[in-house]
Amino acid sequence: MVSSIAMDLGILLPILGLLFVVWAITFIVYSETWQLPTAFMPVGLGAYIYLEHHPWNWLMLLPLLSALVFNVSAVLSKPKFRGWVSYLNYILLLPVVILYLFNFRYLFKDDSLLKTIFAGLGILALLIYVSKFWLSDVILLLINQLYTKESRNFETTIANRFIKGVGKTRTFHVTIGGLGTVETSGFFYLYVGLKNIAPYDKVRLKLKTGCLGTEFISGFPRLISRT
């Protein structure tokens, strides 16, 4: 019985590991910044279950927030958040920064003063950068969707799609009639290609403006007619 379970696990674990690698690579390559934490959702769920008795295990569920804003294919507002909301975007970083500073001495207790200063400031800058895009942006986009101030169906055409940059700097762009060139998620870019949407095909986009005033494209284009 035990050997049978061990054999089953020996087969199952590599398959699950491979599926996670494919999942993670897909999201890392094609996600917008607010979708990217979804890449780590399987690991987060596993860690949450494994650390079920740990009081901070709920932090492992944070990637789930990113999955809730997966439908935001592109943010049309420039900048994403305006007015008082733009300040809130940074206020949300304070708990992360305070938690880091609270544990600062423990993290660098065995390091020299010079290393503590440079490594500490470097990690703090990285932490603020990552938290801005992977946490506060996600939370605000999620709040923005809680109440829709305006929603409209926008009939248009998609003239072309292209990629800028390479590697980690790569971004996906789609030229939309009436909106111009828009940076979209890679999934939106792929969808246009998979549907073989030509420049003169009519499509319908769902444009929404949320309660925080941020306008975005919700979901994927719906093909109306081909020419």
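Reader: What is the mean pLDDT of the protein chain, and what share of residues reach 70 or more?

Author: The mean is 88, and 95% of the residues reach 70 or more; pLDDT is the predictor's confidence in each residue, from 0 to 100. This is a predicted model, where local features need pLDDT of at least 70, side-chain atom pairs count only at pLDDT 80 or more, and totals for chains, interfaces and linings use all residues. Residues are numbered from 1 along each chain as its sequence is written, and side-chain values use heavy atoms, leaving out hydrogens and water.

Reader: Where is confidence lowest?

Author: In helix 1 (residues 2-30), at a mean of 75. Helices (H or I, at least four residues) and strands (E, at least two) are DSSP runs, numbered from the N terminus.

Reader: Sheet next. In which order do strands 3, 4 and 5 come?

Author: The order is 3-4-5, in an open sheet with antiparallel pairing; two strands pair if DSSP finds at least two bridges between them.

Reader: Which strands stand at the edges?

Author: Strand 3 (158-164) and strand 5 (180-184) do, each with a single partner strand, so one side of each has no neighbour in the sheet.

Reader: And how many bridges join strand 3 and strand 4?

Author: 6 bridges, with strand 4 covering residues 171-176. Asn160 has Thr175 in strand 4 as its bridge partner.

Reader: What lies across those strands?

Author: Helix 8 (residues 186-194) lies across strand 3, strand 4 and strand 5, at about 130° to strand 3. Axes are lines fitted to C-alpha atoms, for helices over the stretch in contact, and angles run from 0 to 180 degrees between N-to-C directions; contact means heavy atoms within 4.5 Å.
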